[in-house]
Amino acid sequence: MILFHYIPADSLIHKTNPKTKLLSIIIFSFGTLRINNLFQNYYNFLMLLIVLLSILIIAKIPLRYLLKDMRYFLIMFPIIVLINSFKLSTDESSLLSFISIEGLNYSLSFCFKLYLFSLISIIFIATTTVRQINFAIENILRKFPLVPSVKIATMISLCIIQIPLIFDNYNSIILAQKSRCMDNVKNPFKRFQLTLIPLISKTLKKADNISLNYQAKCYSHTRTQYSYKLELKDYIILGIFSLYSFMSVKLAL
Amino acid sequence: MIELLNVSHTFQNGCTSLKDINLKLNKGEFIVLTGENGSGKTVLSLLLNGLYTPSKGKILYNGVNLEKHIPNIRTKVGIVFQDSDTQIVGQTVYDDIAFGLENLRHNRNSIDKIVTENLKLVGLESYNERVPTQLSGGEKKRLAIAGILAMQPEYIILDEPFNGLDLPGIKQILEQLIKLHDMGKSILVITHDLEKVLAHANRLIVLKQGQLVKIIDLQKETSIKHLSDFNIKIPKCKISEMTWLK
């Protein structure tokens, strides 16, 4: 599984300043958030998807494996669509008696946006080490007074360390349970219990060990600080993303 | 020198893991700590690093109470955990070794220099940008050792360093330990595999049910057969032959 793992490669995206990548994600998210009408702005979404897939190819991330791993996200989508369709159902534009076109449009847009956000986050994590992410967040937040930049950066980087561990643990638990004929258990709640409880306890144990290791290596909030200075190419990248964001907002208005 | 005076440790659930331990760890010594499962070996190592605090008694580092100087003590006493996977936090080999140095506020140039030196020391010099998850068990162990060595400790504790390693892996780690000992570092190896390492050690310490039951000076003894009462796997050879560096 390569989801949420750092994938080393000699690519332009890997070499880009982590601060630029982080700021680009923020700008990208801001622009994407404004688009709420998939039926009208489908070309916009399509363009975005093409851009992200191109970045994936430039970053030399194995596309086939990544998209295969991302199937977990697709499981959530029908649930989101269904819930939102009910929620926004109106009498005027109902598709069936209880599902509205407006609701369907909104929920599909939401799912698509979620997929795009996930994809761009995965690209960011796959091309940036946790250490770089940590220093980039710290670097950006340091400019804001009264914000505990180091604490926030550490919390985020610890989460990023934990996510692949949870996926890896889940895979090993599933294999272990399958080897003991879990497939014969038909009750979905029982199956859920057989995987979830060991997953939680294993994850907590790992988190505990990581915390001990941090202490053993003298972790403190006063660490060596790195400054990532933005260069011309970084400003160009930020400019492109800002332009995109501006266009998206304009389109949505 | 590290001195443990009547040290006991009890977990929050009331389970006692160590009882009245009195022990001296001299500088430059190579010590092997053994004992059956649950005898308190790992707890003792965590106490020495200041990760756990004694419920009773005290630990002195060069005559100073360890508890009062915990951040500093961790730079003097390094610990390599049993599971290298949880010890390695960096996503590249370089990042992992740099982690400890960044915590100690070294500057960028100094970090680069120390990381390169320590990678060379453990024979991973070309692994700078490699991802730790793609390393073999022995390489991961050596990376964990390098991460600790970078912090320049005087004492290095290794918890079950040979676990899950194949013969070349064990040899590499053993060679590493001997090299570090020759450099003047104090080594404390926690292991059940006495036949792999005992020939290189100065002392053997045996724990049983949280109590220190035996300290053997290996320079004076030629056999450890009398330790069979303590549920320890006793190799059939002489102490001088207990090495896998043949």
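Reader: How many helices and strands are in chain B?
Author: Chain B has 8 helices and 10 strands. Keep in mind that this is a predicted model.

Reader: How compact is chain B?
Author: Its radius of gyration is 18 Å, close to the 18 Å that the globule rule gives for 246 residues, so chain B is as compact as a globular protein of that length. Along the principal axes, the C-alpha atoms of chain B fill a box of roughly 50 × 45 × 30 Å.

Reader: And what share of chain B is buried?
Author: Of the 246 residues in chain B, 57% are buried. Among contacts in chain B with a separation of 6 or more, 66% are between residues 24 or more positions apart.

Reader: Switching to the interface. How many residues does each chain give to the contact?
Author: Chain A gives 25 residues and chain B gives 33 residues. Between them the two chains bury about 2,600 Å², with 56% of that on carbon and sulfur atoms.

Reader: Which residues in chain A lose the most area to chain B?
Author: Those are Arg131(A), Lys217(A) and Cys218(A), which together account for 25% of what that side buries.

Reader: How many salt bridges across the interface?
Author: The rule finds 4 between chain A and chain B. One of them joins the side chains of Lys217(A) and Asp96(B), at 3.8 Å, N to O. The two chains also have 12 residue pairs in polar contact.

Reader: Which elements of chain A give two or more residues to that side?
Author: They are α7 (130-141) and α9 (188-216) of chain A. The largest share, 8 residues, comes from α9(A).

Reader: How do the residues on that side divide by type?
Author: The side of chain A that touches chain B has 12 nonpolar, 9 polar and 4 charged residues.

Conventions. Residues numbered from 1 in each chain as written. Chains lettered and ligands numbered in written order. Predicted model: local features only at pLDDT ≥ 70, side-chain atom pairs only at ≥ 80, totals over all residues. Heavy atoms only, no water. Contact = heavy atoms within 4.5 Å. Buried area = accessible area lost by both parts, 1.4 Å probe. Polar contact = N/O pair within 3.5 Å; in protein donor to acceptor, adjacent residues only side chain to side chain. Helix = DSSP H or I, 4+ residues; strand = E, 2+ residues; numbered from the N terminus. Nonpolar A, V, L, I, M, F, W, Y, C, P; charged D, E, K, R; others polar. Rg over C-alpha atoms; globule rule 2.2 N^0.38 Å. Buried < 20%, exposed > 50% of the residue type's maximum accessible area, 1.4 Å probe, protein only.
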